[in-house]
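Got your viewer open and your mouse ready? Let's take a walk through this one, stop by stop.

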Amino acid sequence: ESCPTPKNANLQTVAVEPMEQMLITAAKGGEKIGQQGPHKIQGMGAGLVPQILDLDLLDEVVPIHSDQAMAMAHELWTIGVPVG
């Protein structure tokens with residue numbers, strides 16, 4: 001299969017993953033930073049990269065510590081942005 005051509009040539013795709021378990025980064029050949037282990041993000045499968053995820057479509061992977069992610073989700077909820 002080929003990658004779809006974006007309608008906007010400036011489109012950037014960014015994956016965000018728990019810093020405590022940098023599986024997407026490793027799958028793309030990058031180096032993990034910090035201690036690896038369990039994370040606090042509910043709904044993300046521990047220890048696997050979904051087969052449906054096409055790594056070739058990702059321009060960047062950004063690791064975020066679970067505590068930072070949960071704090072930002074809470075902050076966004078308080079201003080009316082429904083995220084989780």
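Below is a list of things to select, with a few words on what you'll find at each stop.

**Stop 1: the whole chain**

Before you click on anything, keep in mind that this is a predicted model. Switch to a cartoon view and you should find 2 helices and 2 strands. Start at the N terminus and follow the chain: the elements run β-α-β-α.

Now try a surface view. The accessible surface adds up to about 6500 Å², and 57% of that belongs to carbon and sulfur atoms. How much of the chain is buried? Buried residues make up 17% of the 84 residues. Among contacts with a separation of 6 or more, 64% are between residues 24 or more positions apart.

**Stop 2: Glu-17**

Select Glu-17, which sits in strand 1 (residues 14-18). Which side chain of opposite charge is nearest to Glu-17? That's Lys-32, 8.5 Å away, and Glu-17 is buried with no salt bridge.

Glu-17 does have polar company, though. Show side chains and look at Thr-25: its side chain and that of Glu-17 are joined by a polar contact of 2.4 Å. Then turn on the backbone of Leu-23, where the nitrogen lies 3.1 Å from a polar atom of the Glu-17 side chain. Setting aside residues up to four places away in sequence, Glu-17 touches a list of residues including Met-22, Val-61, Val-62 and Pro-63.

**Stop 3: Leu-23 and Ile-24**

Next, select Leu-23, which belongs to helix 1 (residues 23-27). Add Leu-48 to your selection and draw a distance between the C-alpha atoms: you get 6.9 Å, for two residues that are 25 apart in sequence. Beyond its sequence neighbours up to four places away, Leu-23 touches Glu-17, Lys-32, Gly-47, Leu-48 and Val-49.

Move along to Ile-24, also found in helix 1. Is Ile-24 buried or exposed? With 12% relative accessibility, Ile-24 counts as buried. Try another C-alpha distance here: Ile-24 and Val-49 are 25 residues apart along the chain, yet 6.4 Å separates them in space. Leaving out neighbours within four places in sequence, the contacts of Ile-24 include Ala-15, Leu-53, Leu-55 and Leu-58.

**Stop 4: Glu-20**

Head over to Glu-20, in the loop between strand 1 and helix 1. Glu-20 counts as buried because its relative accessibility is 9%, which is under the 20% cut-off. Which side chains make polar contacts with Glu-20? One is His-65, at 3.3 Å, and another is Ser-66, at 3.0 Å.

Add Pro-38 to the view as well. Its C-alpha is 6.4 Å from that of Glu-20, with their positions 18 residues apart in sequence. Once you skip the neighbours within four places in sequence, Glu-20 is in contact with several residues, among them Gln-35, Gln-36, Gly-37 and His-39.

**Stop 5: Ser-66 and helix 2**

From Glu-20, hop across that 3.0 Å polar contact to the side chain of Ser-66. Ser-66 is in helix 2, and at 0% relative accessibility it counts as buried. Outside its neighbours within four places in sequence, Ser-66 is in contact with Pro-18, Glu-20, His-39, Lys-40 and Ile-41.

While you're here, select the whole of helix 2. It has 13 residues and reaches 18 Å from its first C-alpha to its last, close to the 18 Å expected at 1.5 Å a residue. Carry on past helix 2 and you'll meet Gly-80, with a positive phi near 95 degrees.

**Stop 6: the salt bridge**

How many salt bridges does the structure hold? Just 1. Side chains of opposite charge can pair when their charged atoms come close. To see the pair in this model, select Asp-67 and Lys-40: their closest N and O atoms are 2.7 Å apart. Asp-67 lies in helix 2 (residues 66-78) and Lys-40 in the loop between helix 1 and strand 2 (60-64), so the pair ties together parts that are 27 residues apart in sequence.

Finish by checking the surface around both partners. Asp-67 counts as partly exposed, at 36% relative accessibility. Lys-40 is partly exposed too, with a relative accessible area of 48%.

How values were computed:
Residues numbered from 1 in each chain as written. Predicted model: local features only at pLDDT ≥ 70, side-chain atom pairs only at ≥ 80, totals over all residues. Heavy atoms only, no water. Helix = DSSP H or I, 4+ residues; strand = E, 2+ residues; numbered from the N terminus. Contact = heavy atoms within 4.5 Å. Salt bridge = Lys/Arg side-chain N within 4 Å of Asp/Glu carboxyl O. Buried < 20%, exposed > 50% of the residue type's maximum accessible area, 1.4 Å probe, protein only. Lys, Arg positive; Asp, Glu negative; His and termini not counted. Polar contact = N/O pair within 3.5 Å; in protein donor to acceptor, adjacent residues only side chain to side chain. Areas by Shrake-Rupley, 256 points an atom, 1.4 Å probe, with all protein chains shown as cover. Expected span 1.5 Å × (residues − 1).
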